[in-house]
Amino acid sequence: MPEEFVNVRYMVDDVENAVRFYMEHFGFTLRTSAAPAFADVVRGSLRLLLSGPSSSAGRPMPDGRTPEPGGWNRIHFVVEDIAADVERLRAAGVTFRNDIVKGPGGQQVVLEDPAGNPIELFEPAGA
């Protein structure tokens, strides 16, 4: 029976750097690597496909647009202590788009992987 994963593709400008980032900071493990074009890393049931500029996913669209990193769609990690995670990641030099925002459902913050792709940390209210 095939493994069940939720698959998310991120365009990155440096596949090896992205692999190191996700393994070091978020506990992913390397599944396969065809760097510099592509690699995929897994954490639980999340399979993150990291596609570089030379990958098939990086080819220009018929209208000439080229897939690139960034944007605002993001993977979302639920955490138990957002302040501690932010402190740990800031100390490691990770770039944040904002400071922790509090709302009725909890707290969140958006940070970036090395290619500028967003990652949200979320601590539910009452956690």
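**Aromatic rings and the nonpolar core**

Let me begin with a charge and a ring: the charged end of R43 sits over the ring of F77, at 4.4 Å from the ring centre. Please bear in mind that this is a predicted model. There is a second such arrangement, in which the charged end of R97 lies over the ring of W72, 4.1 Å from its centre.

F77 belongs to strand 5, residues 75-78, where it shares the covered face with I75. The uncovered face of that strand carries H76 and V78. Strand 5 runs parallel to strand 8, residues 118-124, and four bridges join the two. Within this pairing, H76 stands opposite E120 of strand 8.

I return now to the rings. How many aromatic pairs does the structure hold? There are six. In one of them, the ring centres of F21 and Y22 are 5.1 Å apart and the planes meet at 85°, so this pair is edge-to-face. Both F21 and Y22 are buried. Y22 also pairs with F28, again edge-to-face, with 5.5 Å from centre to centre and 80° between the planes. F28, like Y22, is buried. Taken together, ring pairs link F21, Y22, F26, F28 and F77 into a cluster, so F77, the residue beneath the charged end of R43, is part of that cluster.

The next topic is the core. In soluble globular proteins, nonpolar side chains tend to be buried together. Here, the largest nonpolar core comprises 27 residues, and those with the most contacts inside it are Y22, F26, L50, L111 and L121. Several elements each supply at least two residues of this core: helix 1, strand 3 (38-43), strand 4 (46-51), strand 5, helix 2 (82-91), strand 7 (106-112) and strand 8. Which of them gives the most? Helix 1 does, with six residues.

L111 deserves a closer look. Leaving out residues up to four places away in sequence, L111 touches F21, F26, L89, V94, T95, F96, R97, N117, P118, I119 and L121. That list includes R97, whose charged end sits over the ring of W72.

Finally, I turn to H25, which lies in helix 1, residues 15-26. Is H25 buried or exposed? Its relative accessibility is 12%, and because buried means under 20%, H25 counts as buried. Beyond its neighbours within four places in sequence, H25 is in contact with R88, L89, A92 and V94. Among these, L89 and V94 are also touched by L111.

Note on methods: Residues numbered from 1 in each chain as written. Predicted model: local features only at pLDDT ≥ 70, side-chain atom pairs only at ≥ 80, totals over all residues. Heavy atoms only, no water. Buried < 20%, exposed > 50% of the residue type's maximum accessible area, 1.4 Å probe, protein only. Pairing = 2+ DSSP bridges. Phe/Tyr/Trp six-rings, centres within 6.5 Å; stacked < 30°, edge-to-face > 60°. Lys NZ or Arg CZ within 6 Å of the ring centre and 35° of its normal. Contact = heavy atoms within 4.5 Å. Core = buried A, V, L, I, M, F, W, Y, C linked by side-chain atoms within 4.5 Å.
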